Amino acid sequence: MSHTRHEKLNHQFISRIIDSMADGVFTLDKGGRIASWNRSMEKISGYSAAEALGQTCALLNCSRCFGTSCPADIGRCRIFEKGSSGAKECQLQHKNGHDVPVIKHASVVRGDDGEILGVVETVTDISELNRARRMAEEASLRLGEIHRLDNIIGKSEPMVQAFESVRVAAASDVSVLIQGESGTGKELIAGAIHYNSDRRSGPLVTVNCSALPETLLESELFGHVKGAYTGAIRSRTGRFEEAADGTVFLDEIGELSPFIQVKLLRVLQEREIERIGESQKRKINIRIVTATHQDLRSLVAEGKFREDLYYRLNVFPIKVPSLRERKEDIPLLTSHFIQMMNRKTGKQIVDASREVMRIFMDYRWPGNVRELENALEHSFVLCNRDRIEKEDLPEQLRSGEGRNATNESASLRPAGYRRRKVSKDQLLTLLVDCSWNKSEVARRLGLSHTSVWKYMKKWGIPLAKSDPRTPPVQDKQPGS
Ligand SMILES: Nc1ncnc2c1ncn2[C@@H]1O[C@H](COP(=O)(O)OP(=O)(O)OP(=O)(O)O)[C@@H](O)[C@H]1O
């Protein structure tokens, strides 16, 4: 192959590569005129190569290059002097007039003899990244909002005391142990402590200690290095490190194995961790908040929980009362959840009937606030008036089964509840509400996934979401 043909092919190859790059790339000649403009540049700026070639960078009306503004005149731009601009976050103006957030990088290109050949610029569109950043910021603001103390409902004496404890705990940095039955709002309280403390701009990392077996929990908390054990194909940062300058909330702390108890004690004493498979110690700045529905003191007495760890965790104890101990909060909680669910579902339910409120006040609420929330969620599905009536309630409440019940661990949804009949309209409404997620529909109805599937088949409802507003497929006549 001749030298010139080889060069031509090589040139073609390079320009194809540049054209296929996801980033915008363009070059300027020594006089500052645009000499090449790849496809991504066309997409980012809206200008075709034909429109851009021969123009100056003024075409992009860029918000900044060196210093505060872009002179758009290569003579006044300090690029030749500096050699490179470094990555600059700025905005360029799209042909349609709107601003496009980008990261721009310019470098001077020199020949073998050092002579300036021109400038190459890369432009990365960060609109998507900015959108994700904004969403993360909004989500974090919303989380803070949810955990505002006035979103934790309660005016009863034991709740007022719990609020006071949260305020005191939030003003300090000591370890907090939250104790209360399941569903009383312990996680909500942990969030309130974090979001009202000086660590609020740091992360709140939650780990449920009962959800993982010992070895996985160890690696979840402490991280590991590649090859630390079979299957550790890459290094992993643990949750303690991820929570830097924030709070770690360890839920179900009573479930910790003796081995992890020792490791946690060391973290609390030394304020440093070692990733599994590594001997390097890493300093960590975290606050530890823990919770349990068990009586941790008794676990200590039974020798199942280390006493030294118990004292380290229990520097500031907070007791969250059961719903039985604060029945005067039930009306307030009921209207809070009704408002919340109206916003979520678009329904306009005003309140619950007197009869329903009487049932609520008589019931023992073994599942506490979570059970009340679930009962109202269930009633919302069935209620098609503006007031929740007795027939909308789950079976265990309608039947008065849980009245003065002593079995604290009674299932939130006993067998009677599962046998509830559902109408085709209710099922359709619920499918639309749950974006055709059949498991969620089954959960809300207290039915099995298979029962929901059977109802859908029976009524000819499409199994997958087509258009939720499309009427369901009609049952076929036998033989048709
Ligand atoms: N005082 C309250 N005000 C408003 N909502 C509450 C309150 N207490 C609990 N809830 C709601 O009840 C549900 C259960 O609360 P949470 O998960 O905090 O309970 P928990 O005690 O951590 O439960 P578990 O021990 O099972 O983990 C959540 O949806 C929460 O928002």
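What share of the 480 residues of the protein counts as buried? In this predicted model, the share that counts as buried is 28%. The secondary structure comes to 20 helices and 16 strands. Contacts between residues with a separation of 6 or more can be sorted by how far apart the partners stand in the sequence: 62% of them join residues 24 or more positions apart.

The interior may be considered next. The largest nonpolar core has 40 residues, and those with the most contacts inside it are Ile178, Ile189, Ile193, Val248 and Ile318. Helix 7 supplies the largest share of this core, with 5 residues. Apart from this core lies another one, of 26 residues, which includes Phe360, Val369, Leu376 and Val441. Within the largest core, Ile318 may serve as an example. When its neighbours within four places in sequence are left aside, Ile318 is in contact with Ala162, Ser165, Val166, Ala169, Val176, Ile178 and Ile189.

Helix 7 deserves a closer look. Of its 10 residues, 8 are buried, and the helix is therefore largely enclosed by the rest of the structure. These buried residues are Lys186, Ile189, Ala190, Gly191, Ala192, Ile193, His194 and Tyr195.

Lys186 also leads to the ligand. Around the ligand stand 17 residues, the closest being Ile153, Gly185, Lys186, Glu187 and Val369. Two elements give two or more residues to this shell, namely helix 7 (186-195) and helix 15 (368-382). By character, the residues of the shell divide into 4 nonpolar, 8 polar and 5 charged. Why can the ligand be said to lie between domain 2 and domain 3? Residues of the shell come from both domain 2 (139-321) and domain 3 (324-420), so the ligand lies between them.

A single residue shows how burial and contacts are read. Val205 lies in strand 7, which covers residues 204-208. Val205 counts as buried because it has 20 C-beta neighbours inside 10 Å. Some of its contacts reach far along the chain: leaving aside neighbours within four places in sequence, Val205 is in contact with Arg239, Glu242, Ala243, Gly246, Val248 and Phe249. Val205 and Ala243 are 38 residues apart in sequence, yet their C-alpha atoms are 5.8 Å apart in space.

Strand pairing offers another view of the fold. Strand 3 (residues 88-93) and strand 4 (residues 99-110) run antiparallel and are joined by 6 bridges. Within this pair, Gln91 stands opposite Pro101 in strand 4. The two strands form a hairpin with 5 residues between them, and Gly97 in the turn has a positive phi of about 105 degrees.

The backbone angle phi is also of interest elsewhere. Most residues other than glycine have a negative phi. Asn61, although not a glycine, has a positive phi of about 45 degrees. Asn61 lies in the loop between helix 3 (49-52) and helix 4 (79-82). With 15 other C-beta atoms within 10 Å, Asn61 is partly exposed. Asp245 is likewise not a glycine, and its phi is positive, at about 65 degrees. Asp245 is placed in the loop between helix 9 (239-242) and strand 10 (247-251). Around Asp245 there are 13 other C-beta atoms within 10 Å, so this residue is partly exposed.

Definitions and conventions
Residues numbered from 1 in each chain as written. Predicted model: local features only at pLDDT ≥ 70, side-chain atom pairs only at ≥ 80, totals over all residues. Near = placed C-beta within 6 Å. Helix = DSSP H or I, 4+ residues; strand = E, 2+ residues; numbered from the N terminus. Nonpolar A, V, L, I, M, F, W, Y, C, P; charged D, E, K, R; others polar. Domains from an automatic or database assignment. Core = buried A, V, L, I, M, F, W, Y, C linked by C-beta atoms within 7 Å. Buried ≥ 20, exposed ≤ 12 C-beta atoms within 10 Å, placed from the backbone. Contact = placed C-beta atoms within 7 Å. Pairing = 2+ DSSP bridges.
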